[in-house]
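Notebook open, structure loaded. I want to look up how the ligand is held and what the record says about the residues around it.

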Amino acid sequence: HEFNKFEEIALAERTFLAIKPDGVQRGLVGEIIRRFEDKGFTLVGLKFLKVSRELAEQHYDVHRERPFFAGLVDFITSGPVVALVWEGEGVIASARKIIGATNPLSAEPGTIRGDFGVNIGRNLIHGSDAIETAQQEVSLWFKEEELVSWQPTITPWLHE
Ligand code: IDP
């Protein structure tokens, strides 16, 4: 196995993350991106946008019947959001661990929500929870041509 080659299939998993309006307002964009870079995941998509109601409602469609749905859509459309796609082996589950439990008061210290949040309605960041939702969310938020396939030169130092 050549040193400059890597297992493309294992590394190709992608997840969708969004730094919510509270994360942006609190100046945590750099801190949050840092954590995923430090871990060794590869950034393949990034945009800064005000989310439309249509996009917010589609993104949170599974929660449409929940009592918090209207407030959640109001919140996610209330200010700019950073949308991100990260790639790497096991990135979906690993990102969920880095993010922490949905309620920041239950989230472990060391996680993003555990370190920076106190309220379930202000939990700073979204991360896809499974392969299917990751694929749906990446394609809902990004066009194919907005995603950049590249191989960091550090790859052989992160993967055997
Ligand atoms: P997750 O973001 O950790 O995957 P989900 O249960 O999928 O959590 O909920 C999606 C989002 O809906 C949460 O991140 C949070 O912003 C919001 N949410 C969930 N439960 C509540 C609640 O009880 N009150 C207010 N907002 C909630």
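Before counting anything, I fix my cut-off: a polar contact is a pair of N or O atoms within 3.5 Å. I also note that this is a predicted model.

Entry one, polar contacts. I checked threonine 102 first and found a polar side-chain atom 2.5 Å from an oxygen atom of the ligand. Thr102 sits in the loop between helix H6 (91–99) and helix H7 (112–116). For asparagine 123, I read 2.8 Å between an N or O atom of the side chain and a ligand oxygen. Arginine 113 also puts a polar side-chain atom 3.0 Å from an oxygen atom of the ligand. As for area, the ligand taken alone exposes 520 Å², and the protein buries 76% of that.

Entry two, the shell. Which residues surround the ligand? I listed Lys20, Tyr60, His63, Phe68, Leu72, Arg96, Thr102, Arg113, Ile120 and Asn123. Sorted by class, that shell comes out as four nonpolar, three polar and three charged residues. I then asked where the ligand sits, and the program puts it in the largest pocket.

Entry three, the record. UniProt, in an unreviewed entry, marks Lys20, Phe68, Arg96, Thr102, Arg113 and Asn123 as "binding site". Of these residues, Lys20 is included in the lining of the largest cavity. The unreviewed UniProt entry also places "domain: Nucleoside diphosphate kinase-like" at residues 12–149. I looked at that span too: its end C-alpha atoms lie 10 Å apart, and I get 41% helix and 19% strand.

Definitions and conventions
Residues are numbered from 1 along each chain as its sequence is written. This is a predicted model: local features need pLDDT of at least 70, side-chain atom pairs count only at pLDDT 80 or more; totals for chains, interfaces and linings use all residues. Side-chain values use heavy atoms; hydrogens and water are left out. A residue is near a molecule or strand if one of its heavy atoms lies within 4 Å of it. A polar contact is a pair of N or O atoms within 3.5 Å; within protein, one must be able to donate a hydrogen and the other to accept it, and residues adjacent in sequence count only if both atoms are side-chain atoms. Accessible areas come from the Shrake-Rupley method with a 1.4 Å probe; for residues, only the protein chains shown count as cover. On a 1 Å grid over the protein atoms alone, a cavity is a set of points where a 1.4 Å probe fits but cannot get out, and a pocket is an open set with protein on both sides within 12 Å along at least five of seven lines; lining residues have an atom within 4 Å of a point. A molecule sits in a cavity or pocket if more than half of its atoms lie within 2 Å of its grid points. Ala, Val, Leu, Ile, Met, Phe, Trp, Tyr, Cys and Pro count as nonpolar, Asp, Glu, Lys and Arg as charged, and the others, Gly among them, as polar. UniProt positions are given in the numbering used here, feature names are shortened, and annotations may be inferred rather than shown by experiment. Helices (H or I, at least four residues) and strands (E, at least two) are DSSP runs, numbered from the N terminus.
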